[in-house]
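Biologist: I should be grateful for a close look at a single part of this model, namely one chain and the way in which its parts meet each other and a neighbouring chain. Please set this out as one connected account.

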Amino acid sequence: MSPLLQGVVMILIGLSGCIGYFYVSNFVLDKIIFPPKLDDQGRNINRANLVRPWLFLLPALLLLSLYLIYPVVGSFYRSLFNRANTEFVGLANYGALWNDSGFRTALYNNFLWVLVVPAASTFMGLLVAQLTDKLSWGNVAKSLIFMPMAISFVGASLIWRFVYAVDPNIGIINALRDTVGLSPMDPLQLPFWNNFFLMVILVWIQTGFAMVILSAALRGIPEDTIEAAVIDGAKPRQIFFRIKVPQIKGTIMVVWTTITITVLKVFDIVYAMTGGNFKTEILPSYMMDYMFRDDGRATAVAFVIMILVLPVMIWNISNARKEMR
Amino acid sequence: MDNIAGSKSSLSLVTHVTVTALVILWLIPTVGLLVSSFRDREQIAVSGWWNAAFSIEEATRYQPAAEGVTERDGLFVLTGSVFEDDPSTVSAFGIAGRAPDAAQPGQTYGRLKLDVVQEDGSIKTKNFETAWPVDATPVAPETFEDRPVQGFTIDRALSITRDGDFTWMSAKDITRAPSIYFISPKPPSFGLDNYQTILTSDNMDRAFINTFTVTIPATIIPILVAAFAAYALAWMEFPGRTWLVALIVGLLVVPLQLAFVPLLKLHNQIGIGQSFVGIWLAHSAFGLPLAVYLLRNYMTGLPRDIIESAKVDGATDFLVFTKIVLPLSFPALASFAIFQFLWTWNDLLVAKVFLPKTSEAWVMTVKIADDLLGSRGGDWGILASAAFISIAVPLIVFFSLQRFLVRGLLAGSVK
Amino acid sequence: MKQQFLASAAVLAATTGAVSADDHLKFAPGEGVFNWSSYETFADTYDFSGEELVVFGPWTGPDGELFSSILHYFETATGATINYSGSDSFEQDIVISARAGSAPNVAVFPQPGLAADMASQGLLSPLPEGTTEWLVDNYGAGASWAALGTYAGADGSDAQYAFPYKADLKSLVWYSESAFDEAGYDIPETMEELKELTQQIVDDGGTPWCIGLGSGAATGWPATDWVEDMMLRTQSADVYDAWVSNELKFDDPKVVEAIEEFGWFATNDDFVDGGAQAVSTTDFRDSPTGIFAIPPKCYMHRQASFIPSFFPEDNDGAFFYFPAYEGKDLGKPVLGGGTMFAITKPSDVADAFIAFLETPIAHEVWMAQSGFLTPHKGANPETYASDALRGMGEILTGADTFRFDASDLMPGEIGAGAFWTGMVDYTTGTSAADVGAAIQKRWDGLN
């Protein structure tokens, strides 16, 4: 069977399987197990409603636990063992991390990344989403800004090679310096600031993501609230900050969270641009240095990364609580 | 009224200018890649893409065959043109690679052998390079390294006209091809060679189909599964709901590399092995946390009264979900679809682990990385055009799904 | 040279294609100076019609095609089907598939260090008995080649786990013949002369060296080859071996001296194209093009035998042996590398494939194409496609001391990690002693 046909069949099976599962399971629940019969109608509906959320969640939870939770638990267990996976060492891998100056550099750099990239990308994304909202050529502009999102990381690192290269014949920054008479320098070797030159790449990519989500959210704001404000004589800036931003606060938070998490996962940029040299290492690239060599150490780094997400998780939990009230 | 209209148009001018500036800023790097995708590796290495449209003055070494040598005034002479087929202009020339611009067309440039009188009266021969007019004879300096020069002979000399006709003269017989260096403008060269290399390589059509076979189910399955889960997390009451939301956020950060070995092992045990089914499941699961997270967030923002009034009317959750929530969530579904499509489309890592290692199962990214770029990768031209080929389909998807991201849908269904 | 060869190969193919039934074979059996009898004997011994062998290796693109052309001979001889696939990220992919139980039958390791790691985890099967003896007898400097593929297994006992096939020569300096001719430079015979030449080029107003360490995530590796070559030129081979096994610590003055010998070339702004700052970020693939620029950006480039594939078209590149100090009396040491074939999933066909690699024909067919050197004494040097390859083959077999790339032998975190980044730190200003100490600290942390 050709893969194309296989694909079509799979799509059909997958789709009808999913829809069938949800339909049939709900049907069984409502009509067979807890039929809302006359005598215990209310009780049965309540019982059915207790079970139903889990019917909705079951496929997702199955996939998640098999493909993500199980490896995570296994990895945590692995991080308690030594390099060769022969000896239980407790938290020694974590201790070894803390004593490694390379790890501390990566941690520090990662904090910079987490502070800068989500803020910058979300801000730029919101700016573009708002500005292009009513623009006649807004869709074209959005597509162009979205484009970096569609370029693979390998392509992206090649693109930025043409920006940062030392040779003024190749790198555009040094070409500009050359025209004003400055000698060439290597942006990626500039201590401290080289981190920011690398962050620019991720901001360049992630702005498209923020823009798409925020643009959808902006358009989801009911017209009437804005019309009312316009009639009240509100200035565009006031409308934006007082009416629009509060209404899409939740979405801004989601975008921020998602980009923060992306920052904690993306190793490709640092890997391809500097290989972690010149003090630009971040945790994901540090982890990749050990991955499949010293898995005890690599999995320990993975858990440090997960611990870093805790504040973001807590923030999201408290927000979820608020929404439910 | 005038006032409002006036401020509106000035504001929109500012908007136009700002957006234009942003777009240009965002585009500069990509344009660099686009331009580079039409150039070959060697050109990319020597000149910036912003210079690609201009001809550059390039030094060339030309080695004419030592045929048709004649003798004139005691020198062996070889003549010809440095432009064998396509005429161009010479702006400078020289007889050594370290100085290809030593003389101008119309001059003769050569190496003289000076007879230099040493302090003890003996004579030593020293090399001296100089230029002189074509129809004149060279003039030797009076002194060389502070010693008087007694006389000289021409060792070798070269003259080139602007049209590229050269005359090479040598004191010794010319048996080996001499090296002539000259500078001429090299016209910009663009070509579709890189694209052709990629698109016409063996099995590229197969890889293209394979990529679609991977991406389409891997986009649709997680959306469906996630939409139900997101609805439950957004609109259904049950214990542990907030913890599940937190868990989903936590799972967003799991590095995929952790999952490869246990999952492939699992696939091997249950008989899926390395196959399309395996990669569909893997991509679906890996995309699921973000899908649930994004969709749940969107669904909680839907107007409460619509859903509650439907429930009061006796609609079950299943009906509320399929008839009201799902249509209302189209913008969110569409935006997630775009991203999931992008990731699976550009993915190399998951494809390498979960698909068979045969060329029949290669997706485009694997094909380009492992087959076209070669062992040590370095062909920037191929890389650039590959990036643009792989960008095309996601952009089409973006354009076609963009119309679902509009306000009208929501507004329409609320009324 | 390459074009010439391709042309002659095309002629060969055209003339033999009609005669031979196996027209997918690059060179028809029975013709040319190849050792066809070894092929026929092999073909008579084994018959695996209908069986399959899965081979996984690091060679992709053109290199992958070259390797496939060798595999066709095995297929034709035995009737088995070989399913070869190459990956740019071989090191990661092989670990994943071996651990997950999707291992190929035969894996081709570019680094002995990784093969040793996998052997210790029980992921490799020992090669057929007698392989060690065969290597000792039939390879030049055979004992050291055999040792390169001998590792401790999961049970801790040593066995021959990998078969070296395809060698690389690293101690080479590349230059442009016309640039050297016009400037009147002679090929240096000793390290002292090489240093004099370096200074002379500067005095003449030129830049002697192009050095580029850039290689994405692997940035820094070209410098490890420099340091290893310098180690062999300042210390005896025993010291080198002690360094590889970390009996000699990385911060030992002897190692620091070797690093500083490299620094003599690389950290002097006058000696390197672009200045010392450019060394760490210039891509190693772009770096050699400087010797062919007009006017030359540099005159010399030290790199392994694979580098001509990154030269521009129509170049006049040539090489000379990276010389040794005349004053140190350490002979003519040569640094090299090799790919290791190991069995990751045993089968009769896999064993036969290792036996195939022992036949001279398996070497000659690749020698007659490009980019292949062999220490196999039974392979006919006349089959080398060019004088240049033959010249390298002679350096390889004629070495007084032959040592393998140390970074490939060290544990992955060092040889493909800390050593790389340490070299980048060194070229950007950290002292050699500090770099050595940092790498040693990382090594200490491994156990």
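Modeller: The account below moves from the domains of the chain to a sheet, a helix and the contact with a neighbour. The model is a predicted one, and the part examined here is chain C, which is divided into domain 1 (2-124 + 126-160 + 337-399) and domain 2 (172-332 + 405-444). Taken over C-alpha atoms, the centres of domain 1 of chain C and domain 2 of chain C are separated by 30 Å. Where these two domains touch, 11 residues come from domain 1 of chain C and 11 residues from domain 2 of chain C. On the domain 1 side, the elements that contribute two or more residues are helix H5 (112-120) and helix H16 (387-397) of chain C. H5(C) supplies the largest share of that side, four residues. By class, the domain 1 side consists of six nonpolar, four polar and one charged residues.

Next comes the sheet. In chain C, three strands form an open sheet in the order S8-S7-S9, with antiparallel pairing. Strand S8 (301-302) and strand S9 (317-321) of chain C are at the edges and have a single partner strand each, so one side of each is left without a neighbour in the sheet. Strand S7 (residues 172-176) of chain C pairs with S8(C) in the antiparallel sense over two bridges. Within S8(C), Arg302(C) is the residue that stands opposite Val173(C).

Helix H12 (residues 253-266) of chain C deserves separate attention. Its 14 residues should span 20 Å at 1.5 Å a residue, and the end C-alpha atoms of H12(C) are 19 Å apart, which agrees. The buried residues of H12(C) include Val255(C), Ile259(C), Phe262(C) and Phe265(C), and Glu261(C) is also among them. An α-helix has 3.6 residues a turn, so residues three or four places apart point the same way. The buried residues of H12(C) pack against helix H9 (191-203), helix H10 (221-234), helix H11 (237-244), H13, H18 and helix H19 (432-444) of chain C.

There remains the contact between chains. It takes 19 residues from chain C and 17 residues from chain A. On the chain C side, helix H4 (90-100), helix H13 (276-279) and helix H18 (412-427) of chain C are the elements that give two or more residues. H18(C) provides the largest share of this side, five residues. The side of chain C that touches chain A has six nonpolar, 12 polar and one charged residues. H13 and H18 of chain C thus appear in two settings: the buried residues of H12(C) pack against them, and they give residues to the side that touches chain A.

Technical notes
Residues numbered from 1 in each chain as written. Chains lettered and ligands numbered in written order. Predicted model: local features only at pLDDT ≥ 70, side-chain atom pairs only at ≥ 80, totals over all residues. Contact = placed C-beta atoms within 7 Å. Nonpolar A, V, L, I, M, F, W, Y, C, P; charged D, E, K, R; others polar. Domains from an automatic or database assignment. Pairing = 2+ DSSP bridges. Expected span 1.5 Å × (residues − 1). Buried ≥ 20, exposed ≤ 12 C-beta atoms within 10 Å, placed from the backbone.
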